[in-house]
Amino acid sequence: MRGLKYIVLLTNIAFFAVMAWLLPLGFEENDDVMMAMIANGSYSGAPDYHLVYINVLYGFVLAGLYSLTKAIEWYTLSFAVLHVISMSVLSYCLLTMPNRARWEKILWLVILYVLWARIIVALQFTTTAGLVCLAGCVLLLRGTPKSQWYGVAFVIVAALTRFLAAGLVGLLMAPIIVYTYRFEWRKYIAVVVMLTAVVGCRVANQKVYDSDPEWKYYRTYNQLRAHLTDNPNAYKLRPSQLPENINWIDYQLLLRFIPDAEQIDLAAMRQLSAIAGDVPIRDKWQNLHRLDKYVVEVVILMALLALMIMTTGNRTKYIFLIVYTAFVAALIIYVSLDGFLKNRVFLCILMPLLVTDFMLLPNTTGKKRQWGIEIAMVVLSGWYMYQIYAEGVTANYHRYVWERLQRPLIDYVPDDAQVTTIGTTMIMEAMNPWHIWPYECDKYTLGWMTWNPLNKSVGHGYRALLRDDMYIFTDVQGYKQERTAVPRICEQIEAHYGVPTKVVPVCHNGRFALIRLMIAD
């Protein structure tokens with residue numbers, strides 16, 4: 001068995017290396033790029049552990065490593081290590097699970113590696129945390145004291161990486177853990193220790209941010225901002241529903257990730273968050289139509305579960321499968337009512353569901369039902385292989401746009417100046433994830449960095465856009481056409497602060513531009 005462990009580990013190292021080489025490896029969104037810049041010191045001039053979405057304990061380790069050397073992109077490397085170790089645990093546990101036919105193990109290994117490749121092509125801290133937590137839960141399911149305590153460690157690391165993703169995976173794996181443990185109370189000791197440690201790390205993270213008034217204000221403000229921009233109900237509000245102290249155009253710009261934090265401060269953000277949360281349930285149900293992009297996966301999974309339910313002769317397992325299916329469906333619906341079910345979140349749901357299915361496969365199946373299960377798994381694997389291809393094409397295009405069209409403009413900004421982007425125009429996520437640290441920026445403001453203390457009071461509102469050292473990155477149409485973001489910002493500056501402004505182009509390449517806002521004569 002020890003030889004198998006080493007084989008699995010070496011295989012997964014090779015798999016990740018090959019995928020990182022063949023696929024246009026990059027981050028899915030700019031969140032990871034900004035957190036890497038905070039950790040490696042590119043953003044503020046010195047490595048920092050306030051990574052916003054990642055626990056400060058994880059950030060403290062990263063900042064310490066970057067303080068030793070910046071020659072290694074520790075942020076990305078840490079994810080690669082977590083990926084390899086977690087998939088090694090999952091594949092080893094799957095291969096050594098008793099009472100499973102070889103064809104079953106092969107099918108589930110294939111889909112897990114396909115999903116892993118899908119995660120690798122769009123690297124992200126949420127899916128990384130989900131993968132690590134899933135490995136931890138599988139170790140807990142093995143039931144031996146040694147594997148349980150290893151599982152506890154994995155889940156704690158997952159919670160440090162992304163608490164909500166670890167919580168989601170843990171919630172999905174909890175039923176199968178209880179189903180497996182039953183009334184063996186000694187096995188729950190490790191679970192209790194794990195939950196205590198996870199909560200303790202969460203409280204420690206909160207205490208660190210609360211100990212500094214600026215960081216506390218920023219963290220609260222950013223959480224409320226995310227509750228709005230990631231909430232489909234916030235986009236349904238009408239001008240008449242807004243408080244009298246909040247301008248409709250300011251609100252629209254906020255939803256485009258360009259908040260004027262002087263006009264929509266923390267108190268106003270709390271008001272808006274409460275209003276978006278009070279949308280009638282009949283309106284929230286309309287958000288379920290967004291799930292149609294997962295219709296292929298859902299149909300395949302329902303077919304797989306139906307085959308398993310029809311095949312099992314165990315009444316307890318039969319009831320569990322039905323209840324578990326209803327539980328997962330209710331969870332997906334609940335998430336969709338007040339949020340966008342993003343692909344990374346769906347992957348964090350899909351992988352635990354597949355692992356649970358593997359654990360509950362009937363020991364014997366009829367030949368036709370066996371074929372049905374095989375077909376369902378092959379189709380699901382093929383569907384995600386297509387997604388890998390499509391994601392790769394998109395990533396290659398984004399990398400071309402970043403390197404050829406966007407970065408040359410951003411490099412034009414003087415070293416001692418600031419730059420902000422209008423909305424999500426700048427695709428920083430296309431940056432090479434292994435070489436973020438050489439990009440000294442001390443620049444990016446607004447967006448989810450609004451009110452961040454590392455900005456040194458720059459970029460907390462639209463008046464900062466009038467600074468002599470502030471440059472604005474946008475697409476060309478974004479400042480030339482009426483009723484687009486930049487003209488609206490100019491209108492709001494004059495309306496709120498009585499300062500007429502004008503747009504001064506600095507340079508452009510026909511598609512993107514660097515501009516400045518200046519006081520009109």
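Colleague: How many cavities of 30 Å³ or more does the count come to?
Modeller: This is a predicted model. Rolling a probe the size of a water molecule over the atoms shows where empty space is left. Here, a cavity is a place where a 1.4 Å probe fits but cannot get out. With the cut-off at 30 Å³ or more, the count comes to four.

Colleague: What volume does the largest cavity have?
Modeller: Its lining is made up of L90, C93, L94, W108, L112, V138, V355, F358 and M359. The space inside the largest cavity has a volume of about 80 Å³.

Colleague: Which elements each supply at least two residues of the lining of the largest cavity?
Modeller: The lining includes L90, W108 and V355. Elements must supply at least two residues each to make this list. Those that do are α4 (74-95), α5 (102-121) and α16 (343-359).

Colleague: How does the lining of the largest cavity divide by class?
Modeller: Leu, Cys, Trp, Val, Phe and Met count as nonpolar. The lining residues include C93, W108 and M359. By class, the lining has no polar residues, no charged residues and nine nonpolar ones.

Colleague: Which element gives the most to the lining of the second largest cavity?
Modeller: The second largest cavity has a volume of about 40 Å³. E28, R118, I119, A122, T127, N343, R344 and L347 line this cavity. Two elements, α5 and α16, give two or more residues to its lining. The most, three residues, comes from α16.

Colleague: How many charged residues are in the lining of the second largest cavity?
Modeller: Asp, Glu, Lys and Arg count as charged. The lining includes E28, R118 and R344. Three of its residues are nonpolar and two are polar, while the charged ones number three.

Colleague: Are the two faces of strand β1 buried or exposed?
Modeller: Buried means under 20% relative accessible area. Strand β1 covers residues 418-421, with Q418 and T420 on one side and V419 and T421 on the other. Both faces are covered, and these four residues are all buried.

Colleague: Which residue of β3 stands opposite T420?
Modeller: β1 and strand β3 (residues 470-475) run parallel. Four bridges join them. Opposite T420 stands I472.

Colleague: What span should helix α14 have?
Modeller: Helix α14 (residues 295-311) has 17 residues, taken at 1.5 Å a residue. Its end C-alpha atoms are 24 Å apart, which agrees with the expected span of 24 Å.

Colleague: Which elements do the buried residues of α14 pack against?
Modeller: The buried residues of α14 include I300, L304 and M308. These buried residues pack against α5, α15 (315-337), α16 and α17 (367-411).

Note on methods. Residues are numbered from 1 along each chain as its sequence is written. This is a predicted model: local features need pLDDT of at least 70, side-chain atom pairs count only at pLDDT 80 or more; totals for chains, interfaces and linings use all residues. Side-chain values use heavy atoms; hydrogens and water are left out. On a 1 Å grid over the protein atoms alone, a cavity is a set of points where a 1.4 Å probe fits but cannot get out, and a pocket is an open set with protein on both sides within 12 Å along at least five of seven lines; lining residues have an atom within 4 Å of a point. Grid points are joined across faces, edges and corners, and a volume is the space filled by probe spheres set on the points. Buried means under 20% relative accessible area, exposed over 50%, partly exposed in between (1.4 Å probe, protein chains only). Two strands pair if DSSP finds at least two bridges between them. The expected span of a helix is 1.5 Å times one less than its number of residues. Contact means heavy atoms within 4.5 Å.
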